[in-house]
Amino acid sequence: MAGQINAFEMAQKQFDGVAKLLNLDPQIAEILRWPMREYSFRIPIRMDDGTIRVFQGYRVQHNDSRGPNKGGIRFHPNETFDTVRALATWMTWKCAVADIPLGGGKGGIIVDPSSLTTPEKERLCRGWVQNMWKNIGPRQDVPAPDVGTTPQMMGWMMDEYSKLVGEYTPGVFTGKPLGGGGSEGRTEATGYGVIYTVREAMAHLKLDPTKCVAAIEGFGNVAQYAAIGFIEMLGGKVACVSCWDRNDKTSYTYSHKDGIDPRFLLTITDQYGTIDQKKAKDAGYVIEDGEKWIEKECDVLIPAAIEGHVNADTVQKISSRVKIVAEGANGPCTPEADEYFKKNGIFDIPDFLCNAGGVTTSYFESVQNDMNYYWTKKEVLERLDTKMTSAFHAVLDMSQKEGVYMRDAAYMVAIDRVVKAMQLRGWS
Ligand code: NAD
């Protein structure tokens with residue numbers, strides 16, 4: 001997405017549309033259309049060969065009326081100030097719709113992390129913190145991993161911050177490794193969160209989950225646990241998953257006549273979400289073109305791989321049986337797909353509600369860091385279920401009360417909550 005369309009203009013356009021629906025005071029809208037604070041800085045790093053390379057870093061804090069800013073740090077060669085601005089804005093709405101007391105932030109460095117050695121990566125992580133440490137912290141802004149960054153990198157960043165402030169401060173970064181201040185349940189959180197919202201949507205539509213079939217795009221962190229949850233929590237069947245094969249640079253759909261077994265597929269999938277074709281074939285899986293997932297006969301579509309794959313062309317191919325689309329990925333459905341859903345009475349669970357389980361569990365991680373007391377996985381997942389279920393119903397209620405589509409309703413709930421917090425604090 002970065003570099004092709006201006007994501008920030010898109011985020012502002014979406015906001016303007018909802019501001020109109022909410023009849024928002026133009027002065028308040030003017031505050032929310034732009035991030036509150038933006039940081040742009042250069043990070044000189046000594047490379048292993050002794051030369052110095054200078055990297056461009058960013059952090060954007062969109063709005064902290066509801067609590068400290070929250071959002072990932074991306075290491076990506078196509079990162080721009082505008083993608084970071086857009087993602088920070090969307091984080092404000094995601095935290096608000098999930099009703100966690102956090103604002104929206106995002107950061108990044110223009111870099112291809114695979115071009116760096118491990119010590120170079122560590123120096124770059126520490127360099128980012130050396131620039132930002134005065135403006136982040138458990139009460140100010142709490143970054144997390146994102147595209148191109150890992151739990152290990154969060155560990156280095158937390159260490160650098162703790163050294164600079166002179167005290168152990170695990171709550172400054174989330175997404176840390178287990179045993180290094182991370183939370184139980186974070187691995188499952190986003191995928192299971194998707195399934196909690198699917199379960200509520202099924203109850204609303206009076207569908208029997210045990211008679212429902214899902215088709216899932218992707219088999220990375222989100223898709224894996226969405227598939228497991230759909231089968232183990234709801235008793236449904238998963239017709240297929242898909243993945244991008246890193247070896248032959250093509251995407252494939254994997255299906256099985258009895259429905260896929262995600263726990264088995266996990267044992268033959270690498271850390272990047274690529275499934276071993278030979279082992280899958282040996283176990284009776286049918287491997288087809290990567291776009292086939294969208295055509296499968298199913299009741300629930302879960303795009304959980306990449307943005308924009310459910311679009312004007314592909315949406316025409318979905319089965320007439322589909323009743324729910326659960327957006328596990330960020331931005332998987334284009335406005336044309338939305339129009340199709342509306343016309344065909346398909347119930348859409350928008351991304352920033354559907355995949356909010358990740359950030360909600362990150363919030364739980366910082367709460368546990370603050371207490372220096374850690375919950376069991378069962379406790380984390382129960383709390384997550386409560387949060388996701390109540391977020392889903394707040395959006396559904398808004399959708400029914402105002403007669404608007406779920407995506408608009410989610411924006412309305414989120415923006416309304418942020419505006420209320422601003423008013424309570426006397427910002428407007
Ligand atoms: P991941 O990197 O673990 O997995 C991505 C999966 O998508 C892999 O199986 C990969 O093979 C597959 N894929 C990539 N390109 C594809 C293509 N062209 N066709 C088919 N499959 C393709 O990523 P993830 O963490 O599961 O994230 C997936 C989506 O969910 C992203 O949009 C991400 O931003 C969003 N998301 C993730 C989280 C989280 O906690 N992991 C939270 C919120 C949103």
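Just past helix α6 sits Lys 206, with a positive phi near 60°. As this is a predicted model, the backbone angle here, like every other value below, is computed from predicted coordinates.

The helix itself, α6, runs over residues 186-205. With 20 residues at 1.5 Å apiece, a span of 28 Å is expected, and the end C-alpha atoms turn out to be 29 Å apart, so the two agree. That said, α6 has a kink of about 30°, centred on Tyr 192. As for its surroundings, 14 of the 20 residues of α6 are buried, so the rest of the structure largely encloses this helix.

Moving out to the whole chain, the division is into domain 1, residues 37-182, and domain 2, residues 187-354. Taken over C-alpha atoms, the centres of these two domains are separated by 30 Å.

Then there is the packing. The largest nonpolar core counts 70 residues, and the members touching the most others are Trp 93, Phe 230 and Ile 349. Helix α14 (residues 406-424) supplies the largest share of this core, with 11 residues. Both domain 1 and domain 2 chip in too, each with at least three residues. Looking at Ile 349 more closely, and leaving aside residues up to four places away in sequence, its contacts include Thr 197, Val 198 and Ala 201. Also touching Ile 349 are Ile 324, Val 325, Ala 326 and Glu 327, along with Cys 354 and Phe 392. Apart from the largest core there is another one, made up of 25 residues, among them Trp 128, Met 154, Met 157 and Val 172.

Methods
Residues are numbered from 1 along each chain as its sequence is written. This is a predicted model: local features need pLDDT of at least 70, side-chain atom pairs count only at pLDDT 80 or more; totals for chains, interfaces and linings use all residues. Side-chain values use heavy atoms; hydrogens and water are left out. A nonpolar core is a set of buried Ala, Val, Leu, Ile, Met, Phe, Trp, Tyr and Cys residues joined through side-chain atoms within 4.5 Å. Buried means under 20% relative accessible area, exposed over 50%, partly exposed in between (1.4 Å probe, protein chains only). Helices (H or I, at least four residues) and strands (E, at least two) are DSSP runs, numbered from the N terminus. Domain bounds come from an automatic or database domain assignment. Contact means heavy atoms within 4.5 Å. The expected span of a helix is 1.5 Å times one less than its number of residues. The bend at a residue is the angle between axes fitted to the seven residues ending there and the seven starting there.
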